[in-house]
Amino acid sequence: MKKIIWSIVFLLSATTLLADEGMWMLNKLTSGNLERMKELGFTLSETELYDTINPSIKDAVVIFGGGCTGITVSGKGLIFTNHHCGFDAIQSQSSVENDYLKNGFVAQTQEDEMKIPDLEVRYLLYTENVTDRLLAAVDTIADEFERMTKIYELVQQIEDSISAGNEFIVAEIAPYYDYNEFYLNVYEVFKDIRMVFAPPSSVGKFGGETDNWMWPRHTGDFSVFRVYANAENKPATYSVDNIAYSPKYFVPVSLEGYKEHDYAMTIGFPGSTDCYLSSWGVSQRVKSSNEPRIETRGIKQDIWKDAMLKSDEIRIKYASKYAMSSNYWKNSIGMNRGIEQMNVIERKQILEKEFLDWLNENPEQKAIYGNALTLIQEGYNDTDDAKKALIYLMETLVNGAEIVRLTFAAMRYDV
């Protein structure tokens, strides 16, 4: 429920060395956003970027696997995504005899492309704002728990009404702006995905965790897959009779390279943002989430790494799990360091003081929101210890011991 539909997350000036940073939903771009983009060198029209009727760039962007972004680059369903996003798929086809993780893979023909079991690619069909529909149903409910329970019941009903009976359609309602807006996203799901190219780990993971989450980074972080469809160009399960999917729109790859100061932007499916988190929320993230995560994952990864270095078979089996663990281990380390170096908590406290000063100048608003910050502070203080205990439990038991994961898998599939 944390996916953000079609967001621009970074803009680089075409005329200066400075960058404008931000995250904007494409269906909510303002004239100011677009004007600034054009000032920086954006040359396309708004409808070429995002259009709900005619093919546009948004029709080339996909959700790859569990949540990564991919881009369609040919009229025959060829998709580029990150190497780390395709890592699990590459691992699934690797063995000691055919170590594609280490040595890479290339399909010389479409017949050589490898089917990846359980891998899916989603294309967005449409987005609908359902905020009024949901909030109107809970307008008279004062209890927050009861409100959220009712909202989730309605969400499930709406999603089921759209996707029921069709395994190739998925409907998801996602909350935005801290549950103040809700958007229905309907996707077409393709289930015949085949691996076309994977670079060797010396390219795809160059620099390892030392360079991960760092800038600049020089890794060849990409892999290539192809989407297949049935004879009617519709989603289908794997079949030798399936053909390469013909997308509504694809983005051609330029062979001309780029020049210094060229305009650049990222478009895709980022996760949620916590830019409005309070000082107490940031503090809890540092001390009760990141610190126990760093500690436990560091210990786990040392154990896994020792075994992986001693056996190629174990290395291949644990490669994806180790990579996923170390990814947010490094993220947590960098986040804590950045929060300290940029005085984030102190800057949040300044904003909170400004909010209190504003309240004191507005008696009517103070009557409504006078206790807001106190309640937020108490809420975080009361849950700090529980949050830390939960992180330790998740990292050591749920995401640590294999027997627990196998048990959950057995319960899920009722075997």
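The exercises below, each with a worked solution, concern strands, enclosed spaces, salt bridges and a surface patch in one predicted model.

In this predicted model, local features need pLDDT of at least 70 and side-chain atom pairs count only at pLDDT 80 or more, while totals for chains, interfaces and linings use all residues. Residues are numbered from 1 along each chain as its sequence is written, and side-chain values use heavy atoms, with hydrogens and water left out.

**Exercise 1. Describe how strand E3 is covered, and identify the strands with which E3 pairs.**

Step 1. Strand E3 spans residues 61-64, where strands (E, at least two residues) and helices (H or I, at least four) are DSSP runs numbered from the N terminus. In a regular strand the side chains alternate between the two faces of the sheet. On one side of E3 stand Val-61 and Ile-63, on the other Val-62 and Phe-64, and all of them are buried; buried means under 20% relative accessible area, exposed over 50%, and partly exposed in between, with a 1.4 Å probe and protein chains only.

Step 2. Two strands pair if DSSP finds at least two bridges between them. E3 runs antiparallel to strand E4 (residues 68-72), to which 4 bridges join it, and Val-62 has Gly-70 as its bridge partner in E4. The two strands form a hairpin with 3 residues between them, and Gly-65 in the turn has a positive phi of about 65 degrees.

Step 3. E3 also pairs in the antiparallel sense with strand E8 (residues 121-129), over 3 bridges, and there Phe-64 is partnered by Val-121.

**Exercise 2. Follow the pairing from E4 through E5 to E12.**

Step 1. E4 and strand E5 (residues 78-81) run antiparallel and are joined by 3 bridges, with Phe-80 of E5 as the bridge partner of Ile-71. Their hairpin has 5 residues between the strands, and Gly-77 takes a positive phi near 70 degrees.

Step 2. E5 in turn pairs with strand E12 (residues 223-229) in the antiparallel sense over 4 bridges, and Leu-78 stands opposite Arg-226 in E12.

Step 3. Phe-225 is also found in strand E12, and Phe-225 counts as buried because its relative accessibility is 1%. Although Phe-225 and Leu-78 are 147 residues apart along the chain, their C-alpha atoms are separated by 5.9 Å.

**Exercise 3. State how much space lies in the largest cavity, and which residues lie closest to its centre.**

Step 1. On a 1 Å grid over the protein atoms alone, a cavity is a set of points where a 1.4 Å probe fits but cannot get out, and lining residues have an atom within 4 Å of a point. Grid points are joined across faces, edges and corners, and a volume is the space filled by probe spheres set on the points.

Step 2. The largest cavity holds about 60 Å³ of space. Of the 10 residues that line the largest cavity, Asp-59, Tyr-123, Leu-124, Tyr-245 and Lys-248 are the closest to its centre. E8 supplies the largest share of this lining, 3 residues.

**Exercise 4. Trace the salt bridges of Lys-191, and contrast them with the one between Asp-306 and Lys-310.**

Step 1. A salt bridge is a side-chain nitrogen of Lys or Arg within 4 Å of a carboxyl oxygen of Asp or Glu, and by this rule the count comes to 18 salt bridges. Lys-191 forms one with Glu-120, where the closest N and O atoms are 4.0 Å apart. This pair links distant parts of the chain, 71 residues apart, with Lys-191 in the loop between strand E10 (181-190) and strand E11 (192-198) and Glu-120 in the loop between strand E7 (114-115) and E8.

Step 2. Lys-191 also forms a salt bridge with Glu-167, the closest N and O atoms being 3.2 Å apart. Glu-167 lies in the loop between helix H6 (144-163) and strand E9 (169-176), and Lys-191 in the loop between E10 and E11, so this pair ties together parts that are 24 residues apart in sequence.

Step 3. Asp-306 and Lys-310, by contrast, both lie in helix H9, 4 residues apart, about one turn of the helix, and the closest N and O atoms of their salt bridge are 3.2 Å apart. Asp-306 is partly exposed, with a relative accessible area of 41%, whereas Lys-310 counts as exposed at 66%.

Definitions and conventions. 1 Å grid on protein atoms, 1.4 Å probe; cavity = no way out; pocket = protein on both sides within 12 Å on 5 of 7 lines; lining within 4 Å.
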